[in-house]
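Student: I would like a close look at one helix packing in this model. Please take the geometry first, then the contacts, and then set other parts of the chain beside that packing.

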Amino acid sequence: MCANLGFAALAPVEETGSVSDRRGETHGSPRTLAGATVLQIVPALREEPAARSALIVARALLQSGARALIAGAAGPLVAELNGFGGEWVPLVNATANPFKLRSGARQLEQLIASERVDIVHAQSIGAAWIANMAAAQIAVWLVATLPDVSAASGLRGYWASALARADWVITPSNFAAAPMIARYKIPRERLTIVPRSIDIDAFDASAIVPERVAALRKSWRISTNERIVLVPGRVAPWNGQLTLPEVARALLNGGVRGFVFVLAGEHQSHGKYARFVAREAQAKGVGALFRLAGHCRDMPAAFAAADTVVLPAIEPPLLGRTVAQAQAIGRPVVTSDVGVLPEHVAAPPELPEDVRTGWVAKAGDASAFAGALSAALSLDDVAYRAMAARARQFAHYMFSPESVATATRAIYTALLAREP
């Protein structure tokens, strides 16, 4: 699903080091998912990216005839997992305590043997350590998912190395993978990009009634003939909203009219910064074109109300899902070139012009953002509708739960199919 991002998707795993010792032949592993047992390990069954991804994959495994187990601390998602036929196993793994890790590894080793587990998928660093210790004692295939931030951004190399020792490594982005590849020399043949999923159904323009959009426009004091440039996310220094007054001035100087910037995000935590943004807008004569809307409880409707979505971040965000959500609604996006953000947009030079779903501008460069926004706001109806359709299609292809499950399931299948 992600070959266009620069990684070899689902290529054969290279036989190196400890990988060759994990054959799974001790109990006659199945060659397909039908009849296989897959155990995913997450920190806890709470509503967070790793656990939600694990549930999506578990459901797909059951549809393939496999058995789906998820280990981790208890949480509200246990009931959902059990409800569709998955199985939960209590397992402490969100820890750096070596004694708890060793205890968890012994528990995991027993679980692999008793439940005839074929594949263990570690969705955290603690889980990867436990899985590696267990795999040293009993044959099993290991898959590890890298965290949404790079190891260089705060994870100590010693701990992060457990992720690199898996038979197959899943990464949510090139950005997350790059430091791990550089540090641990992970062969690209052993690595696949699988982005985090979004709720495609919630971010579906056809499911959003006009009254929801009208209510937001009214609360934002936006007239019917004004176009909304939506800027989602907390108003904070790292999100780069301070660039926008200069962008608005450049647009006006270039003859672009009839737009309003709506900053839809909490702005109390960094109130001084938010006031500075407002003062800059006033100083540049564009104060009337800005709305500090505060936290929005209905982001699908906010995206549907927007004509264009802008993310001017100057530091890498943790997930970057907002770009995916905006495109799922069918809105063109203009985003900065930091972190994972450019990977979530179809734009030249990485992709051809005829598949463009947005623009990528240099972080903090008001002129670059003004140029991209001018292009977005200048689209005629036909070009805009075509881009909206491409954005929606791109979001489905990249970020839908079905795509994520399909890609992950293919990795499992490729491991099971390897010669013992």
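Tutor: Helices α8 and α12 are oblique to each other, because their axes cross at roughly 55 degrees, and angles from 65 to 115 would count as roughly perpendicular. This is a predicted model. Helix α8 covers residues 244-253, and helix α12 covers residues 366-377. Their axes come within 9 Å. The crossing of α8 and α12 is right-handed.

Which residues in α8 and α12 meet? From α8 come Glu246, Val247, Ala250 and Leu251. From α12 come Ala366, Phe369, Ala370, Leu373 and Ser374. Sorted by class, this contact holds seven nonpolar residues, one polar and one charged. The charged residue is Glu246 of α8. The polar residue is Ser374 of α12.

Now set the packing of α3 and α4 beside that. Helix α3 spans residues 98-115 and helix α4 spans residues 125-135. Their axes come within 8 Å and cross at roughly 60 degrees. That angle makes α3 and α4 oblique to each other too. The crossing of α3 and α4 is right-handed. On the α3 side, the contact uses Leu101, Arg102, Gly104, Ala105, Leu108, Glu109 and Ile112. On the α4 side, it uses Gly126, Trp129, Ile130, Ala131, Met133 and Ala134. By class, the contact of α3 with α4 has nine nonpolar, two polar and two charged residues. The charged residues are Arg102 and Glu109, both in α3.

Next come α1 and α14. Helix α1 runs over residues 49-63, and helix α14 over residues 401-416. They pack at about 65 degrees, with axes 9 Å apart. The angle therefore makes α1 roughly perpendicular to α14. This crossing is right-handed. Ile56, Val57, Ala60 and Leu61 of α1 touch Pro401, Ala405, Thr408, Arg409 and Tyr412 of α14. The contact divides into seven nonpolar, one polar and one charged.

Two backbone details sit in loops. Arg116 has a positive phi of about 55 degrees, although it is not a glycine. Most residues other than glycine have a negative phi. Arg116 lies in the loop between α3 and β4, the strand at 119-122. The second detail is a cis peptide bond joining Pro348 and Pro349, with omega of about 5 degrees. Most peptide bonds are trans. Pro349 is in the loop between β12 (333-336) and β13 (358-361).

Last, the open space. The largest pocket has a volume of about 580 Å³. It is lined by 22 residues, and those closest to its centre are Pro232, Gly233, Arg234, Asn239 and Thr322. Helix α11, residues 321-329, gives the most to this lining, with three residues. The lining of the largest pocket comprises twelve nonpolar, seven polar and three charged residues.

Methods: Residues are numbered from 1 along each chain as its sequence is written. This is a predicted model: local features need pLDDT of at least 70, side-chain atom pairs count only at pLDDT 80 or more; totals for chains, interfaces and linings use all residues. Side-chain values use heavy atoms; hydrogens and water are left out. On a 1 Å grid over the protein atoms alone, a cavity is a set of points where a 1.4 Å probe fits but cannot get out, and a pocket is an open set with protein on both sides within 12 Å along at least five of seven lines; lining residues have an atom within 4 Å of a point. Grid points are joined across faces, edges and corners, and a volume is the space filled by probe spheres set on the points. Helices (H or I, at least four residues) and strands (E, at least two) are DSSP runs, numbered from the N terminus. Axes are lines fitted to C-alpha atoms, for helices over the stretch in contact, and angles run from 0 to 180 degrees between N-to-C directions. Angles under 35 degrees count as roughly parallel, over 145 as roughly antiparallel, 65 to 115 as roughly perpendicular and the rest as oblique. A crossing is left-handed if the near helix is turned anticlockwise from the far one by less than a right angle, and right-handed if clockwise. Contact means heavy atoms within 4.5 Å.
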